[in-house]
Every structure is written in C-alpha cells, then in structure tokens.
Amino acid sequence: MKRTTRKRWRRILWSALHACLLLFLTYLAWNIPIGRDSGDLLLKLFNTSKAVAAPDTIPDDLLLVNTCYDHTLVPVYNELGEEIGQRDITDRRKLLELCKFLYQTDSYRYVVCDIRFDGSLKTDADSALFSLLNRMPRCCVPWSTIMVSFPKKLIPVAATSEFTTSFLSNDFLKYQYLPGSGESIALRMAGVTDSVHITRRGPLYFMNGGLCINSHIVDIETNVSIDNNANKNYILHLGYDAMPIVKIGAEEVFRDRIVIIGDCFLNDMHNTVAGSVSGPMIIYNAYKALVAKRNVPAWWVWLLVLLVYHLLTLSTLCHFEPHDLLRML
C-alpha cells in the first residue's frame, strides 16, 4: 500500500515538473515574433464578428495627419554622383512648417513622425527639419535595420519600426515591443506618456516588474479607412487641413493629443486579421495595448495553463483518461 502511494506521489511530482517545463516552453513560443498561419482564419472571423457587433470608435486622444497626398519629387543619384532620375517623397517643407508649429506651441501629448527618412534623398528643408525633430520633446521617428542611409541628426529620436509576419504570408500578426534592434515606436511612446518600460532578463521579459509577452498579437480596436475619414475631427490631411491650421495658429486642435504623422491610406498599408490597416494605426493600437497591459497575462492564466499541462501529463503517465483523473486524485 505504501509503495503504491509512493509511486503515485512520484508520478504527481514528475507531472508537475513536466508541466512547469511545458509552461516555460509555451512562454518562449508566445514570444516568437513570427506567427503561425493556422490561427489566422479564427482571428479573422473573430475580428469580423467584433466589427459587426461594435463598430470602431476613434478615441479623443488620437489625431492623424495624413501625408499620402502631399509628395514632392527629388533627384536620385547613382554611385558616381550622376542624377539618374527622380523619386517622390513626403513634402518635407510642409512637414517642417507643421513641426515648427507643434514645437512652438508644445501642447501635444506625443508626436510620431512616421515618415521614412532616407538620407540619400535630399531636399533643401532637410537640415532645418532634422534639427527641429532632434530638439522636439515627446517625439520619435522610425528607422529599421534595412535602411541603408539614415540621417545622423535623427538617431537620438529614432525608434525601430520593424515588425514580423506569419510563416506563409506577409500578413502582420505580432508586434514586437522590444526587438533586438532597440525600442519599438509603441514602447518609446508608452515610456514617455505612461512610464511603461520593458526589460529583458535572458529569455524572460518584464514590464514594470511583471512577466509580460514581448511579441504580442495586437488587437486592432481602432482603424480608419478612406471610406470613413470624411468630415472627421480625428484626421487632417497635411496640405489641405494642417497647413491652414498652422497659419491661423489653432493650437487647440493638437492639445493633449497623440499626433501621428504618416501615410494613412495608400502606400503604408498592411494586411492584418482585422483587414487592411495602415502603419500609423498599427503603431497606435500597439501603443494602446501596451498602456492597457494587454501583453501581461493575469496570474490565473498562468495557473490554468499549468494545471491543464499537469493533468494531461498525469493522464499520460497513469494511463488514465483526463476525465478519470479526479478519481485518482
């Protein structure tokens, strides 16, 4: 009898240790930045049903400045310094005027200038614009490891804009808050506005002291499209709307708002489980998820997963069906 009891407790102990190992491996899998395509369909169905039941609402703290209709041509040169053509980029002179106004009034909460600044494409506004962005408080610009040329003046305010996709497609699924290349834009924003910080200790990630998921599946709760942006107070077109506001000095438009400047409708669009979403909106949703601590699983989630692994392992060791385990315990 004692031998049977000892054997039973030994199995329970080994099962518990195995469950802890599986829980640790599950945490590592959650932090893999590339998603599996097998779950995409389920997530798409969930997001579709959610959109029907509760249409997207735009928070009052968000203000988008759309730049996709404000481009200008700049010369492109080869390695010999010879002009070989022209390329269109965001109008940096208009950006300079807007950033001057934001800097002088300083009424915004945070500014993300989500513009790809390629140092090889030059305009006469670059020096003033880059110096200003460098001095602006509560501001960041994107960069990535694939950029060949990046202006040195922007390095102090640069945060990584890279994200990964699923295995078999280019669909966006997970947002990595602290990639190997440095802080993401969403994490930089949350650190300034809400004192949110993520640190890495080996394979583990901690957010303000609590265990968190670094590669998070972002729920796209807020989205805008060409169809729903007309006559809305949460989006301005750079030349058509923002420039007149700058001229009349209406700083109240930007007061206490997160201002994201970027292409909202045309060239910076990404396929997600929630449909087509622009880069600025991915950044904003990732930021809101971070501030709301949605990447920090509750203690009962860890406990539930551990319990399920424990019961399944015990079932295997004792040759029991899972529903018979209660009798054994």
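**View 1. An open sheet of 6 strands, all in a predicted model.** Reading across this sheet, the strand order is 6-5-4-13-1-12, and the pairing is parallel. Strand 6 (158–160) and strand 12 (235–237) are the edge strands, so to speak the sheet's borders, as each pairs on one side only. From one strand to the next, the twist averages 25°. What holds neighbours like these together? Strands of a sheet pair through backbone hydrogen bonds, either parallel or antiparallel.

**View 2. Zooming in on strand 5 and strand 6.** Strand 5 (residues 139–143) pairs with strand 6 in the parallel sense, over 3 bridges. Look for valine 141: its bridge partner in strand 6 is alanine 158.

**View 3. Two helices that pack on the sheet.** Helix 3 (residues 92–105) touches strand 1 (62–66), strand 4 (110–114) and strand 13 (258–262). The direction of helix 3 makes about 170° with that of strand 13. Helix 6 (residues 238–248) touches strand 1 and strand 12, and its direction makes about 100° with that of strand 12.

**View 4. Helix 5 meets helix 7.** Here helix 5 (residues 185–194) and helix 7 (residues 279–291) pack at an angle of about 50°, with their axes 9 Å apart. That angle is why the two helices count as oblique to each other. Their crossing is right-handed. On the helix 5 side, the contact includes Ile185, Leu187 and Met189, while helix 7 brings residues including Ile283, Tyr287 and Leu290. Sort the contact residues by type and you get 10 nonpolar, 1 polar and 1 charged.

Note on methods:
Residues are numbered from 1 along each chain as its sequence is written. This is a predicted model: local features need pLDDT of at least 70, side-chain atom pairs count only at pLDDT 80 or more; totals for chains, interfaces and linings use all residues. Side-chain values use heavy atoms; hydrogens and water are left out. Axes are lines fitted to C-alpha atoms, for helices over the stretch in contact, and angles run from 0 to 180 degrees between N-to-C directions. Helices (H or I, at least four residues) and strands (E, at least two) are DSSP runs, numbered from the N terminus. Angles under 35 degrees count as roughly parallel, over 145 as roughly antiparallel, 65 to 115 as roughly perpendicular and the rest as oblique. A crossing is left-handed if the near helix is turned anticlockwise from the far one by less than a right angle, and right-handed if clockwise. Contact means heavy atoms within 4.5 Å. Ala, Val, Leu, Ile, Met, Phe, Trp, Tyr, Cys and Pro count as nonpolar, Asp, Glu, Lys and Arg as charged, and the others, Gly among them, as polar. Two strands pair if DSSP finds at least two bridges between them.
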